[in-house]
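Work through the exercises below with the sequence and the coordinates at hand. Each task is followed by a solution in steps.

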Amino acid sequence: MSQLSEIPEKPVVGVSMPHESATLHVTGTALYTDDLVHRTKDVLHAYPVQVFKTHGRITALRTEPALAVPGVVRVLTAADVPGVNDAGIKHDEPLFPDTVMFHGHAVAWVLGETLEAARLGAEAVEVELDELPSLITLKEAIAAESFHGARPLMVAGDIDAGFADSAHVFTGEFQFSDQEHFYLETHAALALVDEAGQLFIQSSTQHPSETQEIVAHVLGLHSHEVTVQCLRMGGGFGGKEMQPHGFAAIAALGAKLTGRPVRVRLNRTQDLTMSGKRHGFHATWKIGFDADGHIQALDATLTGDGGWSLDLSEPVVARALCHIDNTYWIPNARVAGRIAKTNKTSNTAFRGFGGPQGMLVMEDILGRCAPLLGLDPMELRERNFYRQGQSTPYGQPVPQPERISTIWRQVQDDAAVADRKREIAAFNAAHPHTKRAIALTGIKFGISFNLTAFNQAGALVLVYKDGSVLINHGGTEMGQGLHTKMMQVAATTLGIPLHKVRLAPTRTDKVPNTSATAASSGADLNGAAIKNACEQIRGRLLQVAGTHLGGNASDVRIVEGVARILGSDKELAWDDLVRSAYFQRVQLSASGFYRTEGLHWDAKSFQGSPFKYFSYGVAACEVEVDGFTGKYKIRRVDIVHDVGDSLSPLIDIGQVEGGFVQGAGWLTLEDMRWDTSDGPNRGRLLTQAASTYKLPSFSEMPEEFNVRLMENATEEGAVYGSKAVGEPPLMLAFSVREALRQAAAEFGPAGASVELGAPATPEAVYWAIEAARKGGTRPEGDAGDGSELLVDASVLSNA
């Protein structure tokens, strides 16, 4: 076992415990960025000047009327920027644009003594626009060939030979929706300037170091003149990886120009209309199977809706390509990716980061093709699972592929799938207007940033003379329990009780050059860095303890806050050991560092091993559908998920449950609508509030929800044998949509292939039922004659 994964005696990791801020959360005493405004004197409030047209050049911007509004202090425009007028990493996101690129684009910001004064001032600003044509939908952008960024191409094997050897070939098209993050806390920042002119920014950001970098270049400063701190976030889900930077820059610019603290906090409607979403995708595909249903070849093009600027669209599309295989071996593949440029908010990271989009394409293909092949969907999926020695289309060997089949069987046993399928068949035979179905889907999700440089982390651990410990790391807490796990890692490595460890807020002047808390890598990277720092300190303390106890340092063990020599009853309490080390002038702090080894990636050839390992999981979902309305309910969900040796089981189970629910929301409920008419509101987001954007609630939860973690699943080379948990469970929700598809098919003749919109709202399910009643999509002649079948899945929920 590797040193990184080896677990010592009586560890604190692996113990179920509540979130470190749970009590603060439920009592309302946890502080978030905007709570700090009430603790800060003389704060100015910033309010955006949004232009409610979709595309056009600004021909006039008159700010004088705003300055006449009582309480307005200043209006920020491009002329005020001392550095670079850009808030993006691709330099394609002007902080103060001269061209409006989407409906609700902010072109200036008003600073007021009160929020109301700033709001009235923003309303008074006059903007004149020379309107330009706009592209709203993916299909419009594709037809206009409006693309930007890289166009990756993934090639494996011989695609032509693969299709030539296929007994069955099918083609199709599939478009599915974007998704709003809808974190509880909207974007917020608070900036202050000290007596030396240095900036301190509190920001709700998943990437403090990049927020620091963007603020510095907007203001024309060096990074050491800007400090960014993140106390905690009320949710992020990727929406606060890139998009907080511009809001922090506005607050910082205002503070720099006025000398007063400046607060930016978007209300819900502003957040929805100004910030990016999960990328909606369009896919065209052609797939070949042999006579037994094994995949022989796949040719696909995935187009992501990037919105008006690139943001993270390039790596999102790249990850979609890397995950289109999911748990299935594709010997011959050609998959192209591209990014559509549309006049909508700039789409960004969202839990799964393109992985869900790529995997959804494959799951949709298999769900639609199984009936045409005369196979049960579960059987078709299982026949194509990765086996030992097989590699992904981008050339990375798949480690531990047997875990896919193992978990698959565990879920079948746990959920009593065989028995329930018989019960469902009997129910369906007796109920002509209500149908049930059960579906199983699995996941294989790669863990690491696609950009190799991001796979590093730092930590700073301080041990004080009284034996108390303070840890700092580069990861941010957005409710996912990262800080809880990091405290458990530190306590385990040092061999002390958890109560002796405290965690400081994440800030750039303690741990520099950090990566975003994203890609499910927060615990892997920061945990290993903390472990490294703690091991340095422990190594020094073992020397002190060995001398004090009359033995060799190598024979000393520190367990539950007591140092002992192996084979001796002599012991030394942790507090006494630390005090003794101090008086011997032994360093009691350490800076830790970790870099993920074994990664290599060639973005041009789209080949390499970009992931440290893969996380696996399987979900079984049973649904019941009403044939008159398409209304449905989730009757039962059973999940087994692989998190290695869990660092914190209660946290991990909560993440699996939460990820599944968020995925189910994306795939079944969350129906984003934009005005695509040629009227005056073209491009306007129509779902601007919880009243029009349906989020999962208790009423959508499974009546029975069973989640367990895979046992005996140590991951060599990861901190204490654990695996990431944040993103992978979201894709387990594919089982919900596939169960709905199968239930809809039950209203038609046997063997019907059913198309289903995404999100599969009740309306979409109803249209799928209607199509099934008419016979569904059926092949011309025998499905085994090698002829191509065109299956159009463009039926969306607004059909």
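The exercises concern a predicted model and cover helix packing, a domain interface, salt bridges and backbone geometry.

**Exercise 1. Helix packing**

Task: Describe how helix H9 and helix H10 pack, and state which residues make the contact.

Solution:
- Two packed helices are described by the angle between their axes and the distance between the axes.
- Helix H9 spans residues 313–323 and helix H10 spans residues 355–373. Their angle is about 35°, and the axes are 7 Å apart.
- The crossing of H9 past H10 is right-handed.
- On the H9 side the contact is made by Arg319, Ala320 and His323; on the H10 side by Gly355, Gly358 and Met359.
- Sorted by class, this contact comprises two nonpolar, three polar and one charged residues. Glycine is counted as polar here.

**Exercise 2. The domain interface**

Task: Give the bounds of domain 1 and domain 2, then characterise the area buried between them.

Solution:
- The domain assignment gives 394–451 + 611–778 for domain 1 and 456–595 for domain 2.
- A distance of 40 Å separates the C-alpha centres of domain 1 and domain 2.
- In the contact, 21 residues of domain 1 meet 22 residues of domain 2.
- About 1500 Å² is buried between domain 1 and domain 2, and carbon and sulfur atoms give 60% of this area.
- Within domain 1, Phe449, Leu647 and Tyr720 lose the most area to domain 2, together 41% of what that side buries.
- One salt bridge is found across the interface of domain 1 and domain 2.

**Exercise 3. Salt bridges**

Task: Which parts of the chain does the salt bridge between Glu624 and Arg436 tie together?

Solution:
- Side chains of opposite charge can pair when their charged atoms come close. The cut-off used is 4 Å between the nitrogen and the carboxyl oxygen.
- The closest N and O atoms of Glu624 and Arg436 are 2.6 Å apart, and the pair forms a salt bridge.
- Glu624 belongs to strand S27 (residues 613–626) and Arg436 to strand S16 (residues 434–447), so the pair ties together parts that are 188 residues apart in sequence.
- Another salt bridge links Lys485 and Asp652, with 2.6 Å between the closest N and O atoms.
- The count of salt bridges comes to 53.

**Exercise 4. Backbone geometry**

Task: Where do Pro759 and His91 lie, and what is the geometry of the peptide bond from Ala758 to Pro759 and the phi of His91?

Solution:
- Most residues other than glycine have a negative phi, and most peptide bonds are trans.
- The bond from Ala758 to Pro759 is cis, with omega near 15°. Pro759 is placed in the loop between helix H18 (734–745) and helix H19 (762–773).
- His91 has a positive phi, near 55°. The loop between strand S3 (72–76) and strand S4 (99–100) contains His91.

Methods
Residues numbered from 1 in each chain as written. Predicted model: local features only at pLDDT ≥ 70, side-chain atom pairs only at ≥ 80, totals over all residues. Heavy atoms only, no water. Axes fitted to C-alpha atoms, helices over the stretch in contact; angles between N-to-C directions. Helix = DSSP H or I, 4+ residues; strand = E, 2+ residues; numbered from the N terminus. Left-handed = near helix turned anticlockwise from the far one by under 90°. Contact = heavy atoms within 4.5 Å. Domains from an automatic or database assignment. Buried area = accessible area lost by both parts, 1.4 Å probe. Salt bridge = Lys/Arg side-chain N within 4 Å of Asp/Glu carboxyl O.
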